[in-house]
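Visitor: Before we begin, I should like each label applied to this model to be justified by its value and its cut-off. Could the reasoning be set out step by step?

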Amino acid sequence: MRRACPGCIQGPTRTFSLISQLPLTLSCPIHGLLLWDAFGPAGTFIGWESDGESVAAGAAVQEMDRRTHEGLATGLVDLPGRPVHLGVWLRLLRTVLDEINLPLSLIRPARARTIRQIWAATGRRERDGQSGWRPYESLDWPVQQAMLDAAAAALHLAETRVIEASGSLAPLLRAEPYRPAYPGSPRREGHTGLDQIDDRPRSHAADLWQQAMAALQDAVTAAQTDPASARQLLGVFTAFCRRRPFVEATCRELARAGVPEEFLPDQDEIADISW
């Protein structure tokens, strides 16, 4: 069984689109119409399985399918929380399909109420009336359609905060609240703090950078002849990371700069951070 969009088939090519063949979509992302069952060899349209009129998909279904199409076309899916890789979106969608297919007798009452609320939004019976459980891939296509419809409803209800999504991927469905930036303290007359640096000429900033580089060179020169200065310089470079590989790499760079290796900690000192 193949599926096609009535709007796409009316075009000159009369071929099946790739996304219409995926068992993860219900509508055409271009026309917003529900896909129809069709037949035709090698991806070429011949006719419809049954007659009928084109039906627009619901807003939740269109949004879900648009994201799937966006991910296949660009590799990224723009979610309320942040853009994610297509693989993350498919994992999220597959997780939702698993959740809404769980037998209600096997889960906690609060979770069961949420699943009932999702299925009620679709106007269908819970789990589309299934008596047993089977994975999504083993379901007949009409039941898969019902599952996709419920998944779209679940995503919409979670994004609008009607239901509370949980799990590591749930924050992707919630937009970050607006957090205004702190405007800063009023400038005080005569204050010489960092807030006045931007008012100084650009050439002064260059002078400060040259002074900093000169001070660094002086510190390296002192470390070449004084063990205490060498240890102090190493401590500055590793102040925010004392992991052994990083300290060893820093020691090698100081040795290349002319600091004698005997001025620097050996392997045992680095291992127990005794230096």
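**Labels and their grounds**

Guide: The model is predicted. Glu-70 is partly exposed, with a relative accessible area of 22%.

Visitor: Why is Glu-70 called partly exposed?

Guide: Buried requires a relative accessible area under 20%, and exposed one over 50%. Glu-70 has 22%, so the value falls in between and the label is partly exposed. Arg-66, at 32%, is likewise partly exposed.

Visitor: What makes Arg-66 and Glu-70 a salt bridge?

Guide: The closest N and O atoms of Arg-66 and Glu-70 are 3.5 Å apart. The cut-off for a side-chain nitrogen of Arg and a carboxyl oxygen of Glu is 4 Å, so the pair qualifies as a salt bridge. Arg-66 and Glu-70 are four residues apart in helix H2, and therefore separated by about one helical turn. In general, an α-helix has 3.6 residues a turn, so residues three or four places apart point the same way.

Visitor: Which residues are joined into one network by salt bridges that share partners?

Guide: Glu-63, Arg-66, Arg-67, Glu-70 and Glu-159 form that network. A search of the whole structure finds twelve salt bridges.

Visitor: What makes the pair of Arg-94 and Glu-137 a link between parts apart in sequence?

Guide: Arg-94 and Glu-137 form a salt bridge, with their closest N and O atoms 2.7 Å apart, and the cut-off is 4 Å. Arg-94 lies in helix H3 and Glu-137 in the loop between H4 and H5, so the salt bridge ties together parts 43 residues apart in sequence. Arg-94 is partly exposed at 23%, whereas Glu-137 is exposed at 53%.

Visitor: How do you know that Glu-164 is exposed and that Glu-164 forms a salt bridge with Arg-174?

Guide: The relative accessibility of Glu-164 is 60%, and exposed means over 50%, so the label applies. As for the salt bridge, the closest N and O atoms of Glu-164 and Arg-174 are 3.6 Å apart, within the 4 Å cut-off. Glu-164 and Arg-174 are both placed in the loop between H5 and H6, ten residues apart.

Visitor: Why is Arg-127 called buried, and how do you know that Arg-127 has no salt bridge?

Guide: Arg-127 has 5% relative accessibility, and buried means under 20%, so Arg-127 counts as buried. The nearest side chain of opposite charge, that of Glu-126, is 9.2 Å away. A salt bridge needs a separation within 4 Å, so Arg-127 has none.

Visitor: What does the side chain of Arg-127 reach at 2.8 Å?

Guide: The side chain of Arg-127 reaches the backbone oxygen of Asn-101. Arg-127 is in the loop between H4 and H5 and has a positive phi of about 60° although it is not a glycine. Beyond four places in sequence, the residues touched by Arg-127 include Ile-100, Trp-119, Trp-133 and Met-147.

Visitor: What makes H5 a largely enclosed helix?

Guide: Of the 19 residues of H5, 15 are buried, so the helix is largely enclosed by the rest of the structure. H5 covers residues 141-159 and reaches 27 Å from its first C-alpha to its last, close to the 27 Å expected at 1.5 Å a residue. H5 is followed by Arg-161, whose phi is positive, near 65°.

Visitor: Which elements give two or more residues to the largest nonpolar core?

Guide: The largest nonpolar core has 40 residues, and those with the most contacts inside it are Met-64, Trp-89, Ile-100, Ile-118 and Met-147. Helices H2, H3, H4 and H5 each give two or more residues to this core. H5 gives the most, with 13 residues. Another core, of twelve residues, lies apart from it; Val-220, Ala-223, Leu-234 and Leu-254 are among its members.

Visitor: Why is Thr-250 called buried?

Guide: Thr-250 has 9% relative accessibility, under the 20% limit, so Thr-250 counts as buried. Thr-250 is in helix H8, and a polar atom of its side chain lies 2.8 Å from the backbone oxygen of Phe-246. Leaving aside neighbours within four places in sequence, Thr-250 is in contact with Leu-234, Phe-237 and Thr-238.

Methods. Residues numbered from 1 in each chain as written. Predicted model: local features only at pLDDT ≥ 70, side-chain atom pairs only at ≥ 80, totals over all residues. Heavy atoms only, no water. Expected span 1.5 Å × (residues − 1). Buried < 20%, exposed > 50% of the residue type's maximum accessible area, 1.4 Å probe, protein only. Polar contact = N/O pair within 3.5 Å; in protein donor to acceptor, adjacent residues only side chain to side chain. Contact = heavy atoms within 4.5 Å. Core = buried A, V, L, I, M, F, W, Y, C linked by side-chain atoms within 4.5 Å. Lys, Arg positive; Asp, Glu negative; His and termini not counted.
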